[in-house]
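Thank you for making time for this at group meeting. I would like to walk you through one structure, starting at the surface of one chain and then turning to the other, so please have the picture ready.

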Amino acid sequence: MANFWNLVRNENMKIYRRIATWIMMGFVVLVPVLLTVLFSIFSQGEKLNNWEMMLLESQILFQLITIFAVVKAAESVAGEFTMGTIKLLLIRPWSRSSILLSKFISVVLFALFFSVVGFAVTWLINVVVFGYVSDPAGLIPPNSPLTGSSPWAYALMSYLDQFIALVVVVTFGFMLSSAFRSSGLAIGLSIFLLLSGSIVSGLLAIADKPWVKYVLFPHLRLTSYLDGGSPVPNYPTTFAFSLGVLAVYFIIFNIVSWTVFTKRDVAG
Amino acid sequence: MSQAPVVRLQNVSKRIGSRTIIDRLTLEVNPGEVFGFLGPNGSGKTTTIRMMVGLITMSGGDISIAGHSVKSAFPQAVSHVGAIVENPEMYKFLTGYQNLVHFARMNRGITKQRIDEVIELVGLQGRIHDKVKKYSLGMRQRLGVAQAILHRPSLLILDEPTNGLDPAGIRELRDYLRRLSREEGTAVFVSSHLLSEMELMCDRVAIIQKGQLIDIRSLRGETAETSQAMEEVLFEVDHPDAAIGVLEGRGAANVVEGGFTVTADRETIADLNRRLVMAGVRVYAIRTKIKSLEDQFLEVTGGETVG
């Protein structure tokens with residue numbers, strides 16, 4: 001039995017040897033730069049410091065990275081079926097669970113890599129254009145649990161919250177990819193999950209039933225805790241509760257992926 | 001040890017719903033043997049191969065490879081196997097070399113030298129650093145063989161390996177497989193519906209139809225020693241009707257164009273010839289009709305094309 005890390009290296013090779021991956025990276029770098037430059041040219045009188053602009057951009061950035069990571073998750077599993085390479089991949093002295101785990105790890109590493117690059121780019125460009133501000137005033141709302149902390153802590157926490165939500169959405173895409181073996185469906189439904197959050201939260205507010213607390217969509221907006229709020233309308237929840245709900249969905253998605261991937265026949 | 005079968009299929013069945021795709025298949029392949037797996041389209045060849053490499057599960061029975069059960073000890077069993085299942089689909093966006101590195105990493109102990117050695121063996125030195133999407137089908141087939149033999153498997157499984165190859169490529173593959181079985185003692189399990197191909201390539205063939213094993217026969221060392229056996233012989237003569245008259249009472253003869261056929265043993269054939277010559281019939285040729293694998297195949301499968 002060779003080293004498990006070799007499997008992850010293989011998956012990484014299949015991600016980073018594709019030109020598409022580096023085009024995605026280009027977007028992650030260019031979008032914040034473009035937004036900052038355009039804002040500094042066209043904003044008249046509007047005053048934003050480097051941190052405020054950074055966090056504004058992070059929301060767009062994470063939607064972008066989530067979509068990219070879902071595309072990679074879809075390619076990673078469904079793509080092997082479409083290309084037919086799955087037949088060569090699964091006839092090696094490895095269990096299917098190991099193969100699937102290596103794929104999942106490589107996709108999460110991809111998302112982490114892009115998020116770190118995104119953090120660095122948004123920090124750098126905004127410091128360059130707007131200068132560095134060390135005063136958190138205006139950035140951290142007065143009723144935030146992080147009141148009194150540095151802007152660094154607030155920014156890092158915001159990125160972390162968004163990264164956690166990203167991992168859950170990517171796990172969802174990963175599940176669809178291995179269940180349906182169709183990358184189109186996996187990408188489409190994951191983007192729906194990503195974008196429909198606020199609409200569904202609105203509907204849940206109308207429903208006004210206690211079970212709405214357990215619906216996935218609102219909990220993807222973990223950053224609402226940072227501003228002293230909570231994500232589920234009418235039902236205040238704690239940060240730990242949201243993490244718990246996300247963890248349960250995360251585990252369910254993974255169990256489904258694993259069951260389907262390890263049990264189903266590879267035919268046709 | 002060397003004569004213990006490399007693969008053993010025991011009562012292997014596959015059912016999907018109420019349909020039985022493979023029905024209690026039992027066979028063995030020995031080391032150093034090129035074993036053909038023959039059947040019409042849809043007879044279950046690919047299904048059987050997919051079960052051998054664990055891509056699909058068995059509904060009944062078991063397959064053991066080098067003594068390890070595919071069901072209960074999959075990684076151990078499959079570590080002895082190299083395979084191409086249907087077309088050799090590789091990662092097109094990677095180079096040939098990167099593809100080989102990819103598969104080499106999944107087995108233990110494949111060195112860089114071994115990768116280079118295999119590349120030379122399949123003759124891809126010149127193009128190995130090109131992207132696979134630029135390869136011709138023949139080159140992909142070679143790369144497919146390369147990934148299958150990287151880890152020196154004791155069993156090589158090839159599903160319809162000659163699909164899409166030109167005659168030169170087929171010949172090269174054939175020679176290569178024979179060398180591999182002779183020199184490295186690798187057992188080769190090859191499926192095909194191309195009978196003439198199998199005839200040239202294999203030591204033994206199994207014929208399946210509608211998921212059932214119909215026959216296993218050896219293709220080597222049986223054609224020469226048939227002096228006692230009855231053979232169907234074609235006589236080419238100038239006047240077939242006159243010739244038949246001469247033969248009267250000497251077995252059933254059929255007139256065909258330019259001569260007649262008769263079923264007889266060796267001695268009788270010589271005797272018949274003498275009589276014909278003495279009766280003034282001109283004999284141009286006497287030919288034994290050897291049944292080709294194709295004839296045998298059509299005989300046992302009843303000439304059906306789709307099972």
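Let me begin on chain A, where L34(A), V37(A), L38(A), I41(A) and F42(A) together make a nonpolar surface patch of about 490 Å². Please keep in mind throughout that what you are looking at is a predicted model. To place one member of that patch, V37(A) sits in helix α2 of chain A, the helix that covers residues 19–42. Is V37(A) buried or exposed, or something in between? With a relative accessible area of 34%, V37(A) is partly exposed, because the partly exposed class lies between the limit for buried, under 20%, and the limit for exposed, over 50%.

Staying with chain A for a moment, I would point you to T238(A), which lies in the loop between α9 (216–219) and α10 (239–263) of chain A. T238(A) is also partly exposed, its relative accessible area being 47%. If you look from T238(A) to K72(A), the two are 166 residues apart in sequence, and their C-alpha atoms are 32 Å apart in space.

Now to chain B, whose secondary structure comes to ten helices and 14 strands. Chain B has 307 residues, of which 49% count as buried, and its accessible surface comes to about 14500 Å², with 48% of that belonging to carbon and sulfur atoms. Among the contacts in chain B with a separation of 6 or more, 67% are accounted for by residues 24 or more positions apart.

Within chain B, I would like to follow one sheet, an open one of six strands with mixed pairing, in the order β6-β7-β8-β3-β9-β10. Its edge strands are β6 (81–84) and β10 (212–218) of chain B, each of which pairs on one side only. From one strand to the next, the twist averages 15 degrees.

At the β6(B) edge, four bridges join β6(B) to β7 of chain B, residues 155–159, and these two strands run parallel. Which residue of β7(B) is the bridge partner of V81(B)? That partner is L155(B).

Two helices of chain B complete this part of the picture. Helix α1 of chain B, residues 45–52, packs on the sheet and touches β3 (34–38), β7, β8 (187–192) and β9 (204–209) of chain B, with its direction at about 145 degrees to that of β7(B). Helix α5 of chain B, residues 137–149, packs on the sheet as well, touching β6 and β7 of chain B, and its direction makes about 165 degrees with that of β6(B).

Conventions: Residues are numbered from 1 along each chain as its sequence is written. Chains are lettered from A and ligands numbered from 1 in the order in which they are written. This is a predicted model: local features need pLDDT of at least 70, side-chain atom pairs count only at pLDDT 80 or more; totals for chains, interfaces and linings use all residues. Side-chain values use heavy atoms; hydrogens and water are left out. Patches are made of residues with over 30% relative accessible area and no salt bridge: like charges are joined within 9 Å, nonpolar side chains (Val, Leu, Ile, Met, Phe, Trp, Tyr) within 5 Å. Accessible areas come from the Shrake-Rupley method with a 1.4 Å probe; for residues, only the protein chains shown count as cover. A salt bridge is a side-chain nitrogen of Lys or Arg within 4 Å of a carboxyl oxygen of Asp or Glu. Buried means under 20% relative accessible area, exposed over 50%, partly exposed in between (1.4 Å probe, protein chains only). Contact means heavy atoms within 4.5 Å. Two strands pair if DSSP finds at least two bridges between them. Axes are lines fitted to C-alpha atoms, for helices over the stretch in contact, and angles run from 0 to 180 degrees between N-to-C directions.
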